[in-house]
Structures are given as structure tokens and as C-alpha cells.
Amino acid sequence: MSPVAACELPTTALLAAYQREGVYTDCFAVTVAGHVDFTNYVEAFYTTPLFKIERWLLGLFGYATSDQDARRLALGEVSRFSVWQVEARQPDQIMLNDKSGNTRSWFMIETKRGETTLYFGSAVVPAEGRSRIGIGYRALTGFHCLYSRALLDAAANRLPSARAGDD
């Protein structure tokens, strides 16, 4: 498995529309051996011990979710997961927006030559009537990038092909 790294958004990324608008976007990727099913990737991401901490915190505010909820989101059976709503979905990617409407979370896979690249990225849209994101979002960007890398790494390590080293 390659290390998680910041990268350019693929041209087919749903998140690219926000990048073209000039809002803050980021993209991280990791490549694992073998074929990874998109459903398994999304489920693995939302069921890592690290993300379960975030789920627990959101649960304190009335947005509790379970591993089964994560599976149902990954399978496309539901369009809501905790504070997120599905904004767009394709067979190899999904984008969610949060309850505030200011952030987006995006997942994508790309399989070629016996390897799968897992992508995870975000967009932060300025609040209505504002031309740029607030100081709070800007101040947390460094932490957000570290957390995003850690989440992607944790998800990749939960996938059977990453643990086995091959498919």
C-alpha cells in the first residue's frame, strides 16, 4: 500500500465542480493492491475506530449512526447519514453535504492494472452572502488535512486487499 498523499482531483471527480467555482477543495489518495469494491471502501471509512469517535461526538448532538447505517449508505439504500445528505452519486464515487450546507465530503475509487486508488476530498463553501470561508474554517485547515489523511489511511487498512497485500 502506498502512503496517503495530497493529489490533484481527477478530472471526472464530482468535487471538481466546486474546485472550478474557486472554493476550498482538497484531495487525498492512497493506492492499494487488488480490486476494491466502492461499497466496501465507503463502509470501511465510516466504520473505522477513528471515525467512530466522530460518530460518537455527533451522537451527543442527536445525530447518532451505526455501522449498519454506514453499510446502507455505502449500498445506496439511504441518502442520509448522520449530518450528511447525499448530493451526488455515481457507481465509483459519492459526494455528501453536511447539514449546514457549507462542507462537502467526497469519495472515489479508480481501479487499473491490479491496483485501486482510493480518493477522499472535501470542499468548504462560503456561507451565503460571503465571498470566502470564515476564519474558523481557515484556522482548522491544517488539522482537517491531517485528520483526512488519517481517516483515509485507516479506511485503506480495513480493506481486505490492503491487509492481505494482494487480491
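Which residue follows α3, and what is the sign of its phi? Helix α3 is followed by G62, which has a positive phi, near 90°. The model is predicted, with local features requiring pLDDT of at least 70 and side-chain atom pairs counted only at pLDDT 80 or more, while totals for chains, interfaces and linings use all residues. Residues are numbered from 1 along each chain as its sequence is written, and side-chain values use heavy atoms, with hydrogens and water left out.

Helices (DSSP runs of H or I, at least four residues) and strands (runs of E, at least two) are numbered from the N terminus. Helix α3 comprises 12 residues, 49-60, and should span 16 Å at 1.5 Å a residue; the 17 Å between its end C-alpha atoms agrees with this. The expected span is 1.5 Å times one less than the number of residues.

In α3, the buried residues (under 20% relative accessible area, 1.4 Å probe, protein chains only) are F51, E54, R55 and L58. Viewed down the helix axis, these buried residues fall within an arc of 100°, so they line one face of α3; the arc is taken from the directions from the axis to the C-beta atoms. The face turned away from the buried side carries P49, W56 and L60, which are exposed (over 50%; partly exposed lies in between). The buried residues of α3 pack against α2 (38-46), α4 (67-75), β3 (80-81), β4 (84-90) and α6 (141-158).

F45 is located in helix α2 and counts as buried, at 1% relative accessibility. Leaving aside neighbours within four places in sequence, F45 is in contact (heavy atoms within 4.5 Å) with F51, F107, F120, L151, L152 and A155. The C-alpha atoms of F45 and R158 are separated by 8.2 Å, although the two residues lie 113 residues apart along the chain.
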